[in-house]
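The following report describes a molecular model, taking up helix packing, a sheet, a chain interface and a pair of domains in turn.

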Amino acid sequence: MSRRSIGEVMLDVKNISLSFGGVKALTDISFNVREHEIRAIIGPNGAGKSSMLNCINGVYTPQQGSITFRGKTFDHMNSREVAEMGIARTFQNLALFKGMNVIDNIMSGRNLKMKTNIFQQALRIGAAEREEQAHREVVERIIDFLEIQAWRKTPVARLPYGLQKRVDLGRALAMEPQVLLLDEPMAGMNIEEKQDMCRFVLDVNDQFGTTIVLIEHDMGVVMDISDRVVVLDYGKKIGDGTPDEVRSNEEVISAYLGTSH
Amino acid sequence: MGPFLETLIGGLMTGMLYSLVALGFVLIFKASGVFNFAQGAMVLFAALAMARFAEWIPALLGIEHKVLVNLMAFILAMGVMIMLAWVVERFVLGKLVNQEGVTLLMATLGITYFMDGFGQTVFGSDIYKIDVGLPKEPMFLLEDVFQGGILVNQEELSAAIIAAALVALLAAFFQYTGTGRALRAVADDHQAAQSIGIPLERIWVIVWSVAGFVALVAGIIWGSKLGVQFSLSQVALKALPVVILGGLTSVPGAIVGGLIIGVGEKLSEVYIGPMLGGGIEIWFAYALALLFLLVRPQGLYGEKIIDRV
Amino acid sequence: MLYRENGQFKTSYQADQQIFPIAQDRYLILALIAAAAIVVPFIASEYVFRALLIPFLILSLAALGLNILVGYCGQISLGTGGFMAVGAYAAYNLLVRIEGMPAVVAILLGGVFAMAFGVVFGIPSLRIKGLYLAVATLAAQFFCDWAFLRIKWLTNDSASGSVSVPELMVFGWNVDTPIDKYLFCLGFVVIFALLAKNLVRGHTGREWMAIRDMDVAAAVIGIRPVYAKLTAFAVSSFIVGVAGALWGFVHLGSWEPAAFNITRSFDLLFMVIIGGLGSIMGSFFRRGLYCDRAHRA
């Protein structure tokens with residue numbers, strides 16, 4: 001649970017419908033996210049959870065519906081504007097820049113905050129050098145936070161999966177986001193790694209007040225750390241409430257376990 | 001109207017010939033995911049083989065009968081192309097399974113340089129003739145409709161017909177045979193195809209041989225028209241816009257693209273060329289393909305590339 | 001490698017982020033540059049300068065430019081010869097048509113024209129990728145081949161597109177002996193390599209590499225693909241254009257459009273790939289290899 005006091009509604013998703021060709025990925029989804037809270041999105045595979053995040057991020061454009069962030073309403077999001085507004089995300093299949101090392105990957109998350117122009121960078125004196133160093137300091141603090149110091153110069157393609165996931169998180173954190181969208185951050189991890197990741201997520205929420213929207217399959221994790229939960233199944237919303245409310249919801253149970261006929 | 005029709009028909013036929021060369025590209029790309037820059041060099045190599053064999057057979061064996069000589073030369077040249085396919089598979093492609101596109105591209109570029117040099121060493125670097133009996137006199141069609149009739153080059157016409165037949169055959173092959181399916185699987189993912197038991201090496205030798213066959217036919221036709229000389233390999237560069245326009249993975253695309261480029265080129269040279277100082281043929285095809293790509297990046301019939309995140 | 005890297009600790013981020021963080025590398029490169037500038041002029045023969053060193057330097061510069069586009073930003077370009085031609089002919093026109101135009105300025109402005117050209121022909125990269133883009137860049141190449149042959153104004157009304165430049169005067173220094181030309185080119189190469197390296201290790205370079213590695217993810221963290229790709233084309237074409245102008249002015253003296261044909265484009269691409277995509281130092285190593293091999297062939 002978040003230790004901060006939950007604030008007002010920050011992100012409001014209304015009636016989002018998304019289809020690819022004939023396949024309806026999302027049907028009329030509505031839910032909201034309050035400031036400082038940890039909101040989980042759960043559901044069986046193929047329920048449309050990643051598609052939902054992709055809509056918020058501007059990777060997909062929904063055919064219907066709107067998204068309101070801090071009072072401004074959009075019917076489709078533009079990736080860059082979303083990033084500028086302070087919404088960052090990690091990816092289910094990792095979208096790291098394989099050609100770069102850990103530092104450069106996380107530094108790339110700082111790009112919106114880098115203001116020097118191309119000529120200053122080419123000469124690399126004065127403002128450009130100072131800027132690089134200042135951002136390098138921030139990135140190093142993130143690296144310390146995520147405990148990946150030993151691998152900072154390693155090309156990310158050579159890191160094991162669990163560490164790559166941390167770099168993905170680091171890059172999102174580098175954007176100093178207000179909302180962090182995490183797409184299955186604990187997939188493929190063992191218990192210790194999961195505990196570490198939970199700790200990072202909770203610390204981020206605690207220390208920086210970042211609102212977290214989290215897609216996760218591990219029910220233990222979801223019930224433990226989230227304030228409210230949205231349940232999707234086959235692109236439709238079938239549950240919305242606190243973990244306890246959702247846990248005892250008939251529809252949710254049957255979606256996961258199947259009903260007996 | 002008459003001249004316009006002449007230009008149009010001429011363009012269609014030239015376009016068909018471009019399609020033939022483009023086919024070679026499409027085949028190899030469809031089956032191995034490799035963009036074969038060496039296709040042009042293969043056309044030249046095949047044409048050289050054909051031309052020289054046609055010379056050497058009468059000289060060495062004393063056979064004079066033209067059809068027989070050409071047939072034997074064709075078979076020999078085809079044999080050379082199959083050997084080439086085997087060599088390429090063994091020493092180049094086999095070592096580069098599942099490498100990135102750029103690496104493979106450069107490998108084919110290397111093959112180009114090699115074939116240029118090797119071909120000239122073995123077969124000589126003069127200009128050679130190919131004569132397979134394609135009729136060369138021009139025909140005049142529709143003499144009663146248009147004054148003087150429409151001039152149609154018979155050689156180009158027969159070439160166009162041959163090309164069309166070949167294209168139809170290959171399209172059917174890919175679509176309806178088991179080998180065709182296997183080839184498409186290989187193009188998608190080398191390792192996955194291997195893992196389900198598709199014999200990668202044999203498939204590649206088959207594909208490059210078929211491409212070699214296409215190159216040989218193209219080489220004979222173009223060589224018959226232009227003479228077998230170095231500039232023949234530049235013909236392949238003309239086929240690139242065709243491939244782009246039609247989509248790299250589509251055999252019908254190669255046809256349609258070829259026709260569009262052929263017609264476009266001829267018409268632009270006749271009607272726009274004089275305004276720009278002439279000689280715009282060398283880049284018009286590319287400009288056309290480029291404009292097209294901006295509207296439809298995957299070409300007319302190409303598969304849309306979807307990035308999943 | 002040949003020496004141990006450990007034991008060299010950095011106490012500031014600036015030290016860690018410098019171009020050659022390992023001391024031995026730093027000294028080696030500085031020594032190499034010093035040798036190139038001071039020692040070589042005394043020991044190399046005129047022939048070596050003309051046939052090996054000067055082409056080596058200029059083509060390395062071109063390869064450096066191409067590497068930025070292909071290696072760092074991942075956009076394949078087969079039109080490099082065309083961009084070099086634009087740089088060369090633009091510089092020529094400026095030198096010949098404008099009274100008192102200094103040679104260095106003409107060369108740099110040639111680069112600027114090549115840059116504009118590069119940005120225009122880079123626009124397709126916003127829609128198409130990979131192989132399709134490579135073929136689209138061929139349009140640039142063939143267009144240049146044609147333009148410099150047929151558009152009389154561009155070549156000062158020369159019949160076959162061939163032009164020649166008068167002697168080079170750089171701030172009163174008459175650049176005519178092979179040693180002079182060598183040092184002139186060396187200066188350009190060292191300065192451009194430094195500027196390029198700085199760009200590449202700054203946030204522009206990271207943006208380029210992000211676009212190369214995964215452009216969807218790059219967009220999501222706020223990188224603008226349009227800006228990144230077009231700046232890559234711009235910077236790359238500028239460097240290639242300058243190299244083209246140097247090739248024409250310093251190495252050839254007089255040239256015709258065929259000097260910048262598609263073979264040149266393929267050669268440069270080869271160089272970039274063999275030396276290693278995405279490596280500034282590599283541009284130089286493979287150029288040396290190539291030059292040497294071509295020379296012995």
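Axes here are lines fitted to C-alpha atoms, for helices over the stretch in contact, and angles run from 0 to 180 degrees between N-to-C directions; helices (H or I, at least four residues) and strands (E, at least two) are DSSP runs, numbered from the N terminus. The model is predicted, and local features need pLDDT of at least 70, side-chain atom pairs count only at pLDDT 80 or more, while totals for chains, interfaces and linings use all residues. Residues are numbered from 1 along each chain as its sequence is written, and chains are lettered from A and ligands numbered from 1 in the order in which they are written.

In chain B, the axes of helix 2 (residues 39-61) and helix 8 (residues 200-226) come within 7 Å and cross at roughly 65°. Helix 2 and helix 8 of chain B are therefore roughly perpendicular to each other, a term that covers angles of 65 to 115 degrees. Residues are in contact if their C-beta atoms, placed from the backbone, lie within 7 Å; on the helix 2 side of chain B the contact includes B:Gln39 and B:Met42, and on the helix 8 side B:Gly212 and B:Trp222 are among the residues met. The residues of this contact divide into 13 nonpolar, four polar and no charged, where Ala, Val, Leu, Ile, Met, Phe, Trp, Tyr, Cys and Pro count as nonpolar, Asp, Glu, Lys and Arg as charged, and the others, Gly among them, as polar.

Chain A holds an open sheet of six strands in the order 6-7-8-3-9-10, with mixed pairing, two strands being paired if DSSP finds at least two bridges between them. Strand 6 (87-89) and strand 10 (236-241) of chain A stand at the edges, each with a single partner strand, so one side of each lacks a neighbour in the sheet. Strand 9 (residues 228-233) of chain A pairs with strand 10 of chain A in the antiparallel sense over five bridges, and A:Leu232 stands opposite A:Lys237 in strand 10 of chain A.

According to the domain assignment, which is automatic or from a database, chain A has domain 1 (1-9 + 31-61 + 77-86 + 177-261) and domain 2 (96-176). Their C-alpha centres lie 26 Å apart.

The two contacts below are listed by the residues on each side.

| Contact | One side | Other side |
|---|---|---|
| Chain C with chain A | 26 residues of chain C | 33 residues of chain A |
| Domain 1 with domain 2 of chain A | 10 residues of domain 1 | 10 residues of domain 2 |

Notes:
Parallel < 35°, antiparallel > 145°, perpendicular 65-115°, else oblique. Contact = placed C-beta atoms within 7 Å.
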